[in-house]
Amino acid sequence: MNVAFSPQLIVPKEIFVHDLDLCVLLGNALDNALKSISNCKEERFLHLILHCHENKLFMELKNSCETAVAFENDLPISLKQGHGYGSKSIHYIAEKYHGLCSFELTENVFITKVILHN
């Protein structure tokens, strides 16, 4: 898809987040980002920051987004039948680890942020 990808990953070998939860978090965030990027005609980029600090896991994902995004209760929603579970799964993981997640669209950039606590 010709995507400029810039990851910044600083995560120890052992972290408090269960492997499956980390896969759900990253898998859904990246899947949503790539679907958004695939609709872009202009610049296509994906910036991922993931790091642990003092028993917290921080994730920020920024991707190009040229289409409107519908939100409901601060979560992006899909209007396609059978879709729309990615952001709900991210929100569930954030709640499970007593953390926060946020989603925002500004000037053709979609931003997903997540903080998980140990």
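In this predicted model, helix α2, which spans residues 86–96, has Gly86, Ser87, Ile90, Ile93 and Ala94 as its buried residues. Viewed down the axis of α2, these buried residues fall within an arc of 120°, so they line one face of the helix. The spacing agrees with a general property of such elements: an α-helix has 3.6 residues a turn, so residues three or four places apart point the same way. The cover over the buried residues of α2 includes one helix, α1 (19–38), together with the strands β5 (75–77), β6 (100–106) and β7 (109–117).

The helix belongs to a chain whose secondary structure comes to two helices and seven strands. Read from the N terminus, these elements follow the order β-α-β-β-β-β-α-β-β. The chain has a radius of gyration of 14 Å, close to the 13 Å that the globule rule gives for 118 residues, so it is as compact as a globular protein of that length. Along the principal axes, the C-alpha trace spans about 40 × 30 × 20 Å.

Several totals describe the chain as a whole. Of its 118 residues, 32% count as buried. Among contacts in the chain with a separation of 6 or more, 64% are accounted for by residues 24 or more positions apart. The accessible surface comes to about 7,600 Å², and carbon and sulfur atoms contribute 52% of that area. As for charge, the chain carries 10 positive and 14 negative charges, and the mean positions of the two groups are 4 Å apart.

Two loop residues deserve attention for their backbone geometry. The residue His98 follows α2 and has its place in the loop between α2 and β6. Its phi is positive, at about 50°, although His98 is not a glycine. With a relative accessible area of 66%, His98 is exposed. The loop between β6 and β7 contains Glu107, a residue other than glycine whose phi is likewise positive, near 45°. Glu107 counts as exposed, at 78% relative accessibility.

Attention may now turn to pairs of residues separated in sequence. Ahead of β1 (4–10), the initial segment holds Asn2, which is exposed with a relative accessible area of 75%. Although Asn2 and Arg44 are 42 residues apart along the chain, a distance of 7.0 Å separates their C-alpha atoms.

A further example is Lys56, in strand β3, which comprises residues 56–64. What degree of exposure does Lys56 have? At 30% relative accessibility, Lys56 counts as partly exposed, since that category lies between the buried limit of under 20% and the exposed limit of over 50%. Leaving aside residues up to four places away in sequence, Lys56 touches Phe16, His51, Ile115, Leu116 and His117. Lys56 and Val114 are 58 residues apart in sequence, and their C-alpha atoms lie 10 Å apart in space. The strand β7 (109–117), already mentioned, is among the elements that cover the buried residues of α2.

Definitions and conventions: Residues numbered from 1 in each chain as written. Predicted model: local features only at pLDDT ≥ 70, side-chain atom pairs only at ≥ 80, totals over all residues. Heavy atoms only, no water. Buried < 20%, exposed > 50% of the residue type's maximum accessible area, 1.4 Å probe, protein only. Helix = DSSP H or I, 4+ residues; strand = E, 2+ residues; numbered from the N terminus. Arc of directions from axis to C-beta. Contact = heavy atoms within 4.5 Å. Rg over C-alpha atoms; globule rule 2.2 N^0.38 Å. Areas by Shrake-Rupley, 256 points an atom, 1.4 Å probe, with all protein chains shown as cover. Lys, Arg positive; Asp, Glu negative; His and termini not counted. Charge placed at Lys NZ, Arg CZ, Asp CG, Glu CD.
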